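Okay, thanks for coming, everyone. Let me put the structure up and then walk you through a few things.

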Amino acid sequence: MNSEAQAIKGVGTAATRMYGLMAIVALGWVLLGGLIFTPEDAVQGDAVRIMYVHVPTAWVAYLAFIVTGVASACWMIGKKHSLGFDRVAGASAEVGVVFMGMTLLSGSLWGRITWGTFWVWDPRLTTTAFMFVTYIGYLAVRGLGGTAQQRARRSSVIALLAVLEIPLVHFSVVMWRSLHQRATVLSPDGDIKMDGLMLFTLLFGVFGFSVLFAWLVSHRQRIMAMQDAQQTSALDVAVTERLKEAQA
Amino acid sequence: MSMSVSRIARAVAAKDLRIELRSRVVSNQVLPFSGLVMIMFAFALDNDDVLQRVAGGLVWLATLFSLFILVQRTFAVETYDGALDSLRVAGVNPQGIFVGKSVALFVQLLVLESVLFLAAIVLYRVNVDGSGIVLLVTCVLCATAGLAFVGTLYGGLTAGARGRETLLPLLLLPVVAPVLICATRATESALRSGGVTVGEGWPWVGVLAVFAAVFGLGGLLSFGSLIEE
């Protein structure tokens with residue numbers, strides 16, 4: 001058996017168990033805080049509770065795609081072209097696509113309640129939808145087959161092209177139209193207009209979902225490492241068997 | 001002796017265009033297809049005023065639909081007999097291949113767009129005048145350069161993975177969205193659709209030029225690793 005496969009006995013470690021627990025605690029709080037403890041919004045009523053999921057998932061999706069871009073660049077720049085970077089890039093993109101899907105879903109439901117429509121052609125929404133499709137394409141490229149190094153080479157180029165593409169999409173959509181309400185928490189003038197407990201729950205949600213992201217990515221990239229090792233060792237096993245056949 | 005990038009590019013572009021002149025796939029299949037698309041738009045929208053208003057967008061949509069076919073064609077001729085592999089094994093500079101194939105695609109797209117704009121004038125009753133035509137030609141040149149670069153880049157990637165042609169539209173459509181937005185707005189200015197002036201079109205052409213430059217450079221840097229297997 002391949003040494004890399006032997007080194008990995010399971011996909012959990014002391015560290016992942018620790019932040020898995022942190023994610024459970026934090027998300028448990030968000031569940032209680034978001035649904036029970038926090039007050040209704042003066043204008044939006046109960047609909048505001050969607051925010052405790054919508055904003056953190058959006059944050060995690062953007063974080064995930066940044067991690068994908070950085071890890072792809074690391075793979076490309078690094079002299080050893082370490083597959084670890086490629087797996088982190090891929091795992092992060094998978095998690096990012098799921099979270100961006102959740103963001104789009106929760107956002108359109110929220111929009112239906114507060115704006116009266118599932119979708120508006122606003123730059124932020126439109127760019128987000130394009131990012132979603134772009135990374136679905138990225139994952140399709142990862143699934144094209146071939147060796148792990150081929151996969152890494154192809155997908156790193158696609159990931160870095162996405163980094164070029166997304167600002168261009170965003171810029172042209174902004175030129176096309178702009179009507180989204182300003183972000184409430186990260187408003188440039190810095191004054192936060194939100195109830196203390198609501199803000200705490202929201203920030204705790206961002207924290208909890210970020211830890212969940214780290215937990216998912218570290219597990220996923222280990223599973224990928226095992227799959228890569230299995231692919232390599234399967235070849236070794238086949239070669240050994242053929243050699244035995246030839247000797248027999 | 002290794003050839004310079006520009007000599008390789010000229011050889012590859014001339015080869016691609018010669019294949020087209022002899023096979024007539026673009027002129028006998030892609031051009032009629034895009035003409036049909038223009039007629040189908042008229043069936044779907046069913047209103048002369050609406051058609052005149054959205055003519056610019058329809059021309060660029062028809063161009064994008066045809067782009068997928070053209071890109072698949074331009075790499076199909078490379079992969080049938082493993083021609084791309086042979087070029088690579090022969091140590092031909094991939095930057096030269098990228099530029100050459102982009103130039104050939106650019107020329108074919110220009111022919112296609114000319115026909116589509118003629119169709120818009122005839123079928124959708126649009127008018128272009130003096131200052132509009134300068135904007136229109138600049139817009140077409142910049143947009144087409146961008147489309148040719150991204151088309152070659154992503155076409156090279158999907159050609160490397162044989163038989164995965166269905167992936168091309170999924171990868172290419174989000175990337176060319178800025179071209180559709182900007183080229184449509186600039187074209188509407190040139191045609192003065194919906195009361196916009198010619199002057200309003202020029203900033204859009206600026207974005208198109210940036211797009212072409214970014215992906216031209218991106219293609220030069222990354223095409224080699226995309227077609228390498």
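So, at what angle do the axes of helix H3 and helix H5 of chain B cross? Before I answer, keep in mind that this is a predicted model. Right: H3, residues 48–79 of chain B, and H5, residues 94–123 of chain B, have axes that cross at roughly 145 degrees and come within 10 Å. As for handedness, the crossing of H3(B) and H5(B) is right-handed.

Let's look at who meets whom. On the H3(B) side you'll find, among others, Ala55(B), Val59(B), Ala62(B), Leu67(B) and Leu70(B). Facing them from H5(B) are residues including Ala104(B), Leu105(B), Leu109(B), Leu112(B) and Phe117(B). Split by class, the residues of that contact come out as 13 nonpolar, 4 polar and 2 charged. One of the polar ones is Gln108(B), and Lys101(B) and Glu113(B), both in H5(B), are charged.

Okay, zooming out to chain B as a whole. There are 8 helices and 0 strands, so if you read along the sequence you just get α-α-α-α-α-α-α-α. The C-alpha trace spans about 55 × 30 × 30 Å along its principal axes. The radius of gyration of chain B is 18 Å, and that agrees with the value near 17 Å for a compact globule, because that is what 229 residues would give. Of those 229 residues, 47% count as buried. And here's one on contacts: take the pairs in chain B at least 6 apart in sequence, and 86% of those contacts join residues at least 24 apart.

Now, where do the two chains touch? We have 20 residues of chain A in contact with 20 residues of chain B. On the chain A side, helix H5 (123–142) and helix H6 (148–176) each supply at least two residues. H6(A) gives the most, with 14 residues. By class, that side of chain A has 13 nonpolar, 4 polar and 3 charged residues.

Last stop, a single residue: Val211(A), which sits in helix H7 of chain A, residues 196–247. Is Val211(A) buried or exposed? Val211(A) counts as buried, because it has 21 C-beta neighbours inside 10 Å and the cut-off for buried is 20 or more. Leaving out residues up to four places away in sequence, Val211(A) touches Tyr19(A), Met22(A), Ala23(A) and Ala26(A). Gly137(A), on the other hand, is 74 residues away along the chain, and its C-alpha atom is separated from that of Val211(A) by 26 Å.

Methods: Residues numbered from 1 in each chain as written. Chains lettered and ligands numbered in written order. Predicted model: local features only at pLDDT ≥ 70, side-chain atom pairs only at ≥ 80, totals over all residues. Contact = placed C-beta atoms within 7 Å. Helix = DSSP H or I, 4+ residues; strand = E, 2+ residues; numbered from the N terminus. Axes fitted to C-alpha atoms, helices over the stretch in contact; angles between N-to-C directions. Left-handed = near helix turned anticlockwise from the far one by under 90°. Rg over C-alpha atoms; globule rule 2.2 N^0.38 Å. Buried ≥ 20, exposed ≤ 12 C-beta atoms within 10 Å, placed from the backbone.
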